Amino acid sequence: MVKLVINGKEITTEKENTVLEVARAAGIDIPTLCSHESLPPYGSCRFCIVEVNQRGRTRMQTSCTLPVAEGMEIKTHSERVMKIRRILVELMLARCPESEVLRNMAREIGVPHCRFERVRGDKSLCHTCQACTLVEQMPMHAPAEVPSTFVGRSGCILCGMCVRLCDDVMKIGALGFEGRGMRRRVTTPFREPSEFCITCGACTSICPTGAIELLRVRPQEPLPIPSEFELGLANRKPIHLPFPQAVPRVPVIDPATCVNFMTGGCKVCEDNCQVQAIDHTQQDRIQEVDVGTVIVATGFKTFDPKRTPYYGYGVFPNVYTALEVERLVNASGPTGGEVTLRDGRAPKSIGIIHCVGSRDNKTNRWCSRVCCMYSLKLAHLLKEHTEAELYNFYIDMRTPGKSYDEFYGKLLEERVHFIRGRVGEVTDWAMTPEEEGKLVIRVEDTLAGFVRRIPVDMVVLSTGLEPQADAQEVRRLFNMSCGSEGFFLERHPKLAPVNTFTDGVFLAGACQGPRDIPDTVAQAGAAAAEAMVLIDKGYVEQEPNTAYILEQECSGCKSCIPLCPYTAIAFDEAKQKAVINEALCKGCGTCVASCPSGSIAQRLFEDDEVFSEIKGVLAYE
Amino acid sequence: MSKAWKPRIVAFFCNWCTYTAADLAGVSRMKYAANTRVIRLMCSGRVDPQFILDALSKGADGVLIGGCHPGDCHYVEGNYKMLRRFQMLKRMLKDLGIEEERLRLEWISAAEGEKVKRVINEMVAQVEKLGPLGIPAKFQEWDKEMEHFAAQVAANEAASGSACAEHGQTAAQANKMEAAHA
C-alpha cells in the first residue's frame, strides 16, 4: 500500500495503480482524450498532465502513465497545469478546428481564441471561415473535398487510439500511422481500402474527436445486425439482452457477429464489466437429464408472407406483418410506441388483411384461430396510437370465446371499417390522384357485391400459424405422429387430447394445432396433470399383449433374438431355449410372426385368435 | 359366379398408424368400400405369412396390409420386417398361381384417413377387375376330383389288381396341390 496526496487529499492505494486511476477513484476529474478501459496507458494526448511534487522536486507528468509512489504530492488543476492544458487545446484546435469535443474542452478550460494558424499544409482545405481563430464560430463539419485516401479527417488529433485498438485489441491491424511530424496521419496501409477491415466500427466508436469515417477504411457499408426480437425493425449489438423480459435477465453474446469469435481480440465488454461476469471462453453444453415423462410444447412458426407475393411483403416497405406492428405499438419497442412508416411518416390509413396463410388452398388450408382476435386487438391499438382510418379485410369474423364477440362489437362502435372479402392484391399502381403514393388494396367486397380499391398508407398482414420447421424431427425423436398439416397428432381428439401415441409423452400448446393463449394454458395444465399422474404413481402400467415362449416347442434356433428391437429376448444356454423378458417386451409380435416352429405366442393376439378372426370376418354371405 | 359377387378383402392394420387412420376416416365421415374387413394387430410386423395364406384359403379375394411409414414404426422396425416377408410371400403366391395384385402393402400414417379411403377403394377396384379367387370352391372341386380318382383307382384295382401308372401320376399331382393348400 502506498500513501499519496492529491489536491491536498490524502489517499491510500495499491502500488500497481496509476495516478489517473487513483484520482478518478477519488472523484477527481482529470480530462483525457486517449484513455480507455481496454487500452493500456499511452500518454499521447497529454491532457491528463499533472504537477507532481516528490522528494522536494516538482515536475509535470501525464497521470495516465505515472504509477503511484510513496509520498507523492499531486496537483491536478494547478495554474501551471491549466496553462499547459490551454496551450494543448489551442494547438489541437489549430489542427482540427471542427472537433466538437475540442471546442467543448476549450470552452470549459477558458480558451476563447485559437491563436495559431491552421497547421495543415493543405491550403485547399481552408475555406477562409476564420474558424481557426474563433472557437465559438468554428464550422460544424469538415469540407466535403477531403482527400478520400486519408482515414483521419481534419478532426484527427493523432492520439492513436484507433490504431492501437484495431491492432492490439481487435487483432485486425487495418489501420496505421504514416509520415512524421506535420505529415503524420492515420491511414490504411498504402492508403488503399483495407481488405482486413471487418467494419466492426471500433475505431469510429473510440475516436475522441469523431474523425474516422468507416467508409474510408473499407468502402463497404457495415452490415447492421438486425434485432431478432424487434423483427429487424431495430438493430442490436453482438452482445445484447435478448428481449426486455428475458429470464434470466442477462445479456448474451452472439458468436456469429462478436469480433472475439472472429479474431480472438476485442473483449472490450469484458474490460467494461465491473463484476467480471463476461466469459468469452464459455461453450455450449449438452446436458443429459433423465426424465420419466415429457411434455412437448414446441410451439408454432408464423407464416412467411413472402409466400403470398401478391400482398407485397418485402416488396413494398410499408407492408408489415402483424408481429412487426405489435412491436411498433409497443411502448418499449423500436419506436417507443409511436406508429410510423419506414420513412418516418405517420400513417393516415391502415389496412389489416386477415387470413394471410390461413384458409387458403394455395398455402395453408386451416384456420389459424388466433388471427381474427389479434387483428381486432391491433386495430384497437392502432386506433389508440394513430389518427388513421382502419380497414379490416376478413373472410369470416371468427370470434368465439369468452367476451371475444363483444370486443368485435366494441370495434364496430369505434368506427373501424370491416370489409368482407379476401384481398386480391396489394399494389402501388395508382389509377386515381388519391391513390398516388399509396398502397392500393384490391378486394371484392362480398357484402356490397363489387370490387373495391382502397388506398392506404400501411398494410398489416395477419399471418397464420404453421407447424415448426423441425416438427418432423421432433416427431421422430418422440415416436409421435403428425397430422397431414404437420402439427403433432393427439392420441384421440376427444378422449385423449393431450396424450400422444407414445406413453409418457404429452402435448401442450400450438405444436398440436393453432390455439390461443387461454386454450394453451388450459391444455398445458391438463398435460402437466397427466404427467403428474405417472410421476405420482411411480410405475408404468404395461399393456398385457406381451409375447411368451412355448418352452416345450422352442427348438433354440435363436432366429427371434436379432429380430427384437428392444432386446427383450435372451437365450437360456442351460435349457437351450429362448427367454422373453416381459418387462422389456413392448408387444409388437414381430418375433411371434417369424418363429419357424411357432413356439412364440402373443397374449391378446394368439395365432388361433387371429385365425378365428379371419374366419369370422369372411363368414358373411 | 353369380352377378352379386363382391370381392372380400381382409386387411391387417397396425394399431398405431393405419388402424388409427381408419378410425380417423370414420370420424371424418369418409366412405370407403364396405367389403374390406379389418383385423387389428399391434404392428405390421405381427402379420404372419400364414395369416395371409389362411385368409386367402378361407375365401378372401385379396389381402391388404397397412403399416407405418418407413422410420415411423412404433416398434422401431416392425414394418421393415413385414416388408421383407411381403416380398417373399409375393413370390410364393406367384408360384402358387395367385395374382400378385391380390396382396398389397401400404404405408399409412395415423393422420392419413384420406389415404385409407383411397387405398381401400383402389384395392377393391383392383380385385374386382381380377375377379374372384374362390379358393374354398377350388378346394371342394379338388376334393371331388380326389374322391373321383380314389374311386377310379379302387375300381381299377378291383378290375385288374394292378395300379395304373398314368393314374398314379395324376394322383401325385393332386397330392401336391393338397400339400399347397395345407
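β17 and β18 of chain A form a hairpin, with four residues between the two strands. In the turn, A:G449 has a positive phi of about 85°. Strands here are DSSP runs of E of at least two residues, and helices are runs of H or I of at least four residues, both numbered from the N terminus. The structure is a predicted model, in which local features need pLDDT of at least 70 and side-chain atom pairs count only at pLDDT 80 or more, whereas totals for chains, interfaces and linings use all residues. Residues are numbered from 1 along each chain as its sequence is written, chains are lettered from A and ligands numbered from 1 in the order in which they are written, and side-chain values use heavy atoms, with hydrogens and water left out.

The hairpin strands run antiparallel and are joined by seven bridges. Two strands count as paired if DSSP finds at least two bridges between them. A:L439 stands opposite A:V456 in β18(A). On the other side of the pairing scheme, β16(A) and β17(A) are antiparallel and share four bridges. Here A:V426 has A:I441 of β17(A) as its bridge partner. A:E425 stands opposite A:R442, also in β17(A).

Together these strands make an open, antiparallel sheet of three, in the order β16-β17-β18 of chain A. β16 and β18 are the edge strands, and each pairs on one side only. The twist averages 20° from one strand to the next. Such angles are taken between N-to-C directions and run from 0 to 180 degrees, with axes as lines fitted to C-alpha atoms, for helices over the stretch in contact. β17(A) is mostly covered, since five of its seven residues are buried. Buried means under 20% relative accessible area, exposed means over 50%, and partly exposed lies in between (1.4 Å probe, protein chains only).

A second open sheet in chain A has five strands, with parallel pairing and the order β12-β19-β13-β14-β15. β12 (319-321) and β15 (417-420) stand at its edges. Each of these two has a single partner strand, so one side of each is left without a neighbour in the sheet. Neighbouring strands are turned by 25° against each other on average, direction ignored. β12(A) runs parallel to β19 (residues 458-463) of chain A, and three bridges join them. In β19(A), A:V459 is the bridge partner of A:V319.

Salt bridges number 32 over all chains. The rule asks for a side-chain nitrogen of Lys or Arg within 4 Å of a carboxyl oxygen of Asp or Glu. One of them joins A:K438 to A:D457, with the closest N and O atoms 3.7 Å apart. This pair links distant parts of the chain, 19 residues apart. A:K438 lies in the loop between β16 (423-427) and β17 (439-445), and A:D457 in the loop between β18 (450-456) and β19. A:K438 is partly exposed, at 22% relative accessible area. A:D457 counts as buried, at 5%.

Chain B has salt bridges too. B:K81 pairs with B:E77, the closest N and O atoms being 3.2 Å apart. B:K81 is buried, with a relative accessible area of 6%, while B:E77 is partly exposed at 28%. The side chains of B:R104 and B:E106 also meet in a salt bridge, at 3.0 Å from N to O. B:E106 counts as buried, at 16% relative accessibility. B:R104 and B:E106 belong to a salt-bridge network that also links B:K115, B:R118 and B:E122.

Chains A and B meet in a contact that takes 37 residues from chain A and 39 residues from chain B (heavy atoms within 4.5 Å). The size of an interface is often given as the accessible area lost when the parts come together. Between these chains, the area buried is about 3,200 Å², of which carbon and sulfur atoms give 59%. That value is the accessible area (1.4 Å probe) that two parts lose on being put together, summed over both.

Three salt bridges are found across the interface of chain A and chain B. One salt bridge brings together the side chains of B:D72 and A:R475, at 3.0 Å from N to O. In addition, 13 residue pairs are in polar contact across the interface, both residues at pLDDT 80 or more. A polar contact is a pair of N or O atoms within 3.5 Å; within protein, one must be able to donate a hydrogen and the other to accept it, and residues adjacent in sequence count only if both atoms are side-chain atoms. α12 (471-478), α14 (590-594) and α15 (607-617) of chain A each supply at least two residues of the side of chain A that touches chain B. α15(A) gives the most to that side, with seven residues.
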